[in-house]
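Colleague: Please take one part of this model and go through it closely, starting from a single side chain and working outwards. I would like the cut-offs stated as you go.

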Amino acid sequence: MFGIPTRGLIVIGVLGAAGVMWVTNGGKPMGSEAAAGCEVTVTADILNVRSGPADTQPIVSTMQRDSVVKAERTVQNGFRLLADGRWVNNDFVAPTSDSDCG
């Protein structure tokens, strides 16, 4: 086909697909950013974890300083949603260096 050997067309197709995936992922290797997601580190000595995004919501657990936990990008009323549906005051957590918390 067009004077190009079949093997050459396959190589061009694979490289083209890899290029599209690279561009779609923002120029990073596949899986590099997706794996990190949003993770936060606790900066308070003891952080109350609540059932909802307010100081009036019940405390369901606590976390110690330097604990790392998966979180969502959602912040409501100054509270960050954790990956398991619980909430923490966003003033007392900081995104880890390699996470994308928006």
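**From Ser99 to strand β1**

Modeller: A polar atom in the side chain of Ser99 lies 3.0 Å from the backbone oxygen of Glu39, and the side chain of Ser99 also reaches the backbone oxygen of Thr96, at 3.1 Å. Both are polar contacts, meaning N or O atoms within 3.5 Å of each other, where within protein one atom must be able to donate a hydrogen and the other to accept it, and where residues adjacent in sequence count only if both atoms are side-chain atoms. This is a predicted model, in which local features need pLDDT of at least 70 and side-chain atom pairs count only at pLDDT 80 or more, while totals for chains, interfaces and linings use all residues. Residues are numbered from 1 along each chain as its sequence is written, and side-chain values use heavy atoms, with hydrogens and water left out.

Ser99 sits in the segment after β7, where strands (E, at least two residues) and helices (H or I, at least four) are DSSP runs numbered from the N terminus. With a relative accessible area of 16%, Ser99 is buried, a word that here means under 20%, with exposed meaning over 50% and partly exposed in between, for a 1.4 Å probe and protein chains only.

The disulfide is found in this part too. Cys38 is joined to Cys101 with an S to S distance of 2.0 Å, and a disulfide is taken as a pair of cysteine sulfur atoms within 2.5 Å. The link of Cys38 and Cys101 is right-handed, with 100 degrees about the S-S bond. It connects distant parts of the chain, for Cys38 belongs to strand β1 (residues 38-42) and Cys101 to the segment after β7 (93-95), 63 residues apart. Cys38 counts as buried because its relative accessibility is 7%, and Cys101 is buried as well, at 5%. The structure holds one disulfide.

Strand β1 deserves a wider look. Four of its five residues are buried, so β1 is largely enclosed by the rest of the structure. It pairs with strand β4 (residues 68-76) in the antiparallel sense over four bridges, and with β7, again antiparallel, over three bridges; two strands count as paired if DSSP finds at least two bridges between them. In these pairings Cys38 stands opposite Ala71 in β4, and Val40 stands opposite Pro95 in β7.

From Val40 one can step to Leu82, which is in strand β5 (residues 79-82). The C-alpha atoms of Leu82 and Val40 are separated by 9.0 Å, although the two residues are 42 apart along the chain. Leaving aside residues up to four places away in sequence, Leu82 touches Val40, Val49, Met63, Val69, Lys70, Ala71, Glu72 and Val88, where a contact means heavy atoms within 4.5 Å. At 1% relative accessibility, Leu82 counts as buried.

A word of care about confidence remains. The protein averages a pLDDT of 83, and 71% of the residues score at least 70, on a scale from 0 to 100 that gives the predictor's confidence in each residue. Confidence is lowest in helix α2 (residues 32-36), at a mean of 49, and highest in strand β6 (residues 87-89), at 98. Where pLDDT is low, the predicted coordinates should not be read in detail.
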